[in-house]
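Student: Could you take me through one part of this model closely? I'd like a single connected picture.

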Amino acid sequence: MTDKQKTAPEKKPVKLATDATVAETVKSKPVKVAKPEMAEAEAVAAPASAPAAPVAPPAPVAPPVIMHGGIPAGPMRPLSPPRAPAKAENFVAGDHVVYPTHGVGKVDRIAVEEIAGHTLELICITFDENRMTLRVPTNKARTAGLRKLASKKQFEDVLAVLKGRARIKRTMWSRRAQEYEAKINSGDPAAIAEVVRDLHRNAGQPDQSFSERQIYESALDRLAAEYAALEQLEKSAAIEKLIAHLKSE
């Protein structure tokens with residue numbers, strides 16, 4: 001053996017891993033494998049421990065838009081407030097009364113009559129101009145709006161309304177005509193005076209249309225009938241006095 005061969009380090013034999021060695025290595029470090037049943041239980045239990053997310057309220061639904069001729073319509077408004085029932089009053093034969101939709105009449109009599117098997121106490125009212133007789137049950141007179149004539153003090157306020165400034169809304173005439181008719185049929189003399197004031201035309205102002213003239217004359221006639229009965233005048237004289245109270249420019 002030479003010196004070179006003696007000084008060379010000895011090579012250690014390489015140990016090759018066999019299947020048995022790999023098995024021992026795996027066996028020495030066990031790996032935890034979650035069972036399917038435990039995984040499912042943890043998945044179900046996790047949301048329960050977490051706080052529930054807040055549910056957003058449903059968004060409000062916008063009301064449908066009503067179109068008129070391709071233009072969205074505005075909110076509907078009542079033509080006029082509902083008529084309040086008249087206060088409870090005792091009527092006797094000979095009283096002048098006001099029925100909202102017919103105007104001034106006179107109590108002819110109060111009698112008990114049998115109608116359709118029911119006994120009713122009726123107030124019989126005659127309207128000379130219309131040649132009409134109206135029978136109103138006494139227990140329905142208040143809700144029907146039947147009332148006595150306004151007092152002279154109340155009519156002073158009505159005359160003050162006539163002297164006021166006309167208030168004409170900038171709306172379609174058909175809409176205003178309905179409002180005027182509602183005021184006339186309300187039986188309220190102050191509301192009727194507003195119609196007369198708003199539709200009256202002084203000299204130099206534009207003439208009324210045909211429908212305006214009709215509503216104006218209806219309101220003036222209704223107001224003059226109550227004023228004439230209150231002041232014991234002829235209706236024509238009452239109309240002249242009312243027109244004299246209207247504001248002139």
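**A helix, its pocket and its partner**

Tutor: Let's follow helix H8, which with six residues gives the most to the lining of the second largest pocket (helices are DSSP runs of H or I with at least four residues, strands E runs with at least two, numbered from the N terminus). This is a predicted model, where local features need pLDDT of at least 70 and side-chain atom pairs 80 or more, while totals for chains, interfaces and linings use all residues. Residues are numbered from 1 along each chain, and side-chain values use heavy atoms, without hydrogens or water.

Besides H8, strand E4 (103–115) and strand E5 (118–127) each give two or more residues to that lining. In total 22 residues line the pocket, and Val104, Gly105, Glu129, Ala225 and Lys235 lie nearest its centre (a pocket is an open set of 1 Å grid points where a 1.4 Å probe fits, with protein on both sides within 12 Å along at least five of seven lines; lining means an atom within 4 Å of a point). The lining has six nonpolar, nine polar and seven charged residues (Asp, Glu, Lys and Arg are charged; Gly counts as polar).

H8 (residues 210–231) also has a partner: its axis comes within 10 Å of that of helix H6 (residues 173–186), crossing at roughly 15°. The two helices are therefore roughly parallel (an angle under 35 degrees, between N-to-C directions on a scale from 0 to 180). Where they meet, H6 brings residues including Trp173, Tyr180 and Ile184, and H8 brings others, among them Ile215, Ala219 and Arg222 (contact is heavy atoms within 4.5 Å). The residues of this contact divide into six nonpolar, three polar and four charged.

How values were computed:
Parallel < 35°, antiparallel > 145°, perpendicular 65-115°, else oblique.
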